[in-house]
Each structure stands twice: as structure tokens, then as C-alpha cells.
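Work through these exercises with the model open beside you. Try each task before you read its solution.

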Amino acid sequence: MRRSLIDAYSRLLRERPIATNTAQGATLAALGDVTAQWLEGRSGDAKRTLRAGCIGAGFAGFVYPPVYARLDALWPGTLWPAVLRKSLTECALLGTFGNGTSLLLRGLPPSDVLASMPNVLLNEARVWLPYNLVAFSLVPRHIRPTTTSCLTVGWHTYISWLANDAPRPGAGALQAGAPSISSR
């Protein structure tokens, strides 16, 4: 039965990639936000969770698949030189523009987004570079948005926390080594 579920899911990803990736992205990003609210000692901010879900749907349905497809077209294959180029480029693009956009869409003021980017990019390298090395070398292209969305639950938890509850840069906490991660 498990194999038939995996096969059915894989078929959905091939036949209806936008709908499938959008639905899973929305669900997983909302889960990340609910987790962040719980960690913050809050709960029940449906508007915030809906916003996070919409951001997750947009990235999973309309950003990740074309970015991965373009990177695969630029550097085809799974040999290490191609995998390394794809991984570094993906981190550079989504680490800066993707995370910055996500933080802005979550309501963080532009000055705070800019101030938090050094820590966000450091965490990008810690989390997403190793993931990308594995994903670009082992995970089939049509499944990558799914595996990305699964890892993104933790990333969205961090981004939601950063956008809503993290100490603001003016207080010195973000520069002084407060935890940091961002929005995929």
C-alpha cells in the first residue's frame, strides 16, 4: 500500500505539478507558522498563518520548480561540478531574493530585513547548501519541490519567528548572535 501511495503522489507531481506543489507548500508553510507561534507562546493568529500559507504556496508552486528546472538546464547532470554550481546558485538566488521577499511579505520592515540578512545567509549556507548538494545529486527533479517543502517547515518556522517575534536589530540581538534562519 505504501508503494502505491508513493506512486500515486509521484504521478500527481508529474501530471499536476503546480496544483500539487502549491497545496503542499501552503500546508507545510502554515504548519511552520503554527509551530513558530507555539514556540513563541502564542497561538491562534489565523491571519498570520494564512499569510504564511500563501507565501509557501507561491514559492512551492511557482518559484522552486522553475528555478530548479533552469538550474538543471544550465548545468545538467549529477556530477559534482554541476551539483556544486546549482547548489551555490540556488542558495545565492533564494537565499537573498527569496528570503528577503518572504520576510517583507510577512510584514518585516525593509530596514529589519536588510539588518537580518547576514544571519539569514549564514543559516542559508548551514541548512540549504547541504540540502541542495543532496537534492541536486540524488533527488529526481519532479520530487525536489516536495523535499524542499518538507525541509521548509523548519525554515518557515524560523522565518515566521524572525518576522514576528525575533528581537529587532536596533536592540542588537540579531547582530549579537541571536538565532537566525529565513523564508524559503
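The exercises below go from the whole chain to helix pairs and then to single residues.

**Exercise 1. The whole chain**

Task: Find how many helices and how many strands the protein chain has, and what share of its residues is buried.

Solution:
- Start with the source: this is a predicted model.
- Count the elements. The protein chain has six helices and zero strands.
- Read them in order. The pattern along the sequence is α-α-α-α-α-α.
- Turn to burial. Of the 184 residues in the protein chain, 47% are buried.
- Finish with contacts. Take those between residues at least 6 apart in sequence: 72% of them join residues at least 24 apart.

**Exercise 2. The nonpolar core**

Task: State which residues of the largest nonpolar core touch the most other members, and which helices supply the core.

Solution:
- The largest nonpolar core holds 26 residues.
- Tyr64, Leu103, Val120, Tyr158 and Leu162 touch the most other members.
- Four helices each supply at least two residues of this core: α3 (46–74), α4 (80–105), α5 (110–138) and α6 (144–164).
- Now zoom in on Leu103. Leaving out residues up to four places away in sequence, Leu103 touches Leu108, Val113, Ser116, Val120, Ile159, Leu162 and Ala163.
- Set this beside a general trend: in soluble globular proteins, nonpolar side chains tend to be buried together.

**Exercise 3. α3 against α6**

Task: Decide how α3 is oriented to α6, and describe their contact.

Solution:
- Take the geometry. The two helices, α3 and α6, pack at an angle of about 135 degrees, and their axes are 10 Å apart.
- Apply the cut-offs. Roughly perpendicular ends at 115 degrees and roughly antiparallel needs over 145, so an angle between these counts as oblique.
- Therefore α3 is oblique to α6.
- Check the handedness: α3 passes α6 in a right-handed crossing.
- List the partners. On the α3 side they include Ile55, Tyr64 and Asp72; on the α6 side they include Arg144, His156 and Asn164.
- Sort this contact of α3 with α6 by class: seven nonpolar, seven polar and three charged residues.

**Exercise 4. α4 against α6**

Task: Do the same for α4 and α6.

Solution:
- The axes of α4 and α6 come within 9 Å and cross at roughly 50 degrees.
- That angle makes α4 oblique to α6.
- The crossing of α4 past α6 is right-handed.
- From α4, the contact uses Asn99, Ser102 and Leu103; from α6, it uses Trp155, Ile159, Leu162 and Ala163.
- By class, the residues of this contact of α4 with α6 are five nonpolar, two polar and no charged.

**Exercise 5. Three residues**

Task: Classify serine 87, isoleucine 55 and asparagine 164 as buried, partly exposed or exposed.

Solution:
- Recall the cut-offs. Buried is under 20% relative accessible area, exposed is over 50%, and partly exposed lies in between.
- Serine 87 sits in helix α4. Its relative accessibility is 0%, so serine 87 is buried. Leaving out residues up to four places away in sequence, serine 87 touches Leu129, Asn132, Leu133 and Phe136.
- Isoleucine 55 belongs to helix α3. Its value is 6%, so isoleucine 55 is buried too. Alanine 30 is 25 residues away along the chain, and the two C-alpha atoms are 9.1 Å apart.
- Asparagine 164 is in helix α6. Its value is 24%, so asparagine 164 is partly exposed. Leaving out residues up to four places away in sequence, asparagine 164 touches Glu40, Arg42, Arg48 and Arg106. Asparagine 164 and arginine 106 are 58 residues apart in sequence, but 7.9 Å apart from C-alpha to C-alpha.

Notes
Residues are numbered from 1 along each chain as its sequence is written. This is a predicted model: local features need pLDDT of at least 70, side-chain atom pairs count only at pLDDT 80 or more; totals for chains, interfaces and linings use all residues. Side-chain values use heavy atoms; hydrogens and water are left out. A nonpolar core is a set of buried Ala, Val, Leu, Ile, Met, Phe, Trp, Tyr and Cys residues joined through side-chain atoms within 4.5 Å. Buried means under 20% relative accessible area, exposed over 50%, partly exposed in between (1.4 Å probe, protein chains only). Contact means heavy atoms within 4.5 Å. Axes are lines fitted to C-alpha atoms, for helices over the stretch in contact, and angles run from 0 to 180 degrees between N-to-C directions. Angles under 35 degrees count as roughly parallel, over 145 as roughly antiparallel, 65 to 115 as roughly perpendicular and the rest as oblique. A crossing is left-handed if the near helix is turned anticlockwise from the far one by less than a right angle, and right-handed if clockwise. Ala, Val, Leu, Ile, Met, Phe, Trp, Tyr, Cys and Pro count as nonpolar, Asp, Glu, Lys and Arg as charged, and the others, Gly among them, as polar.
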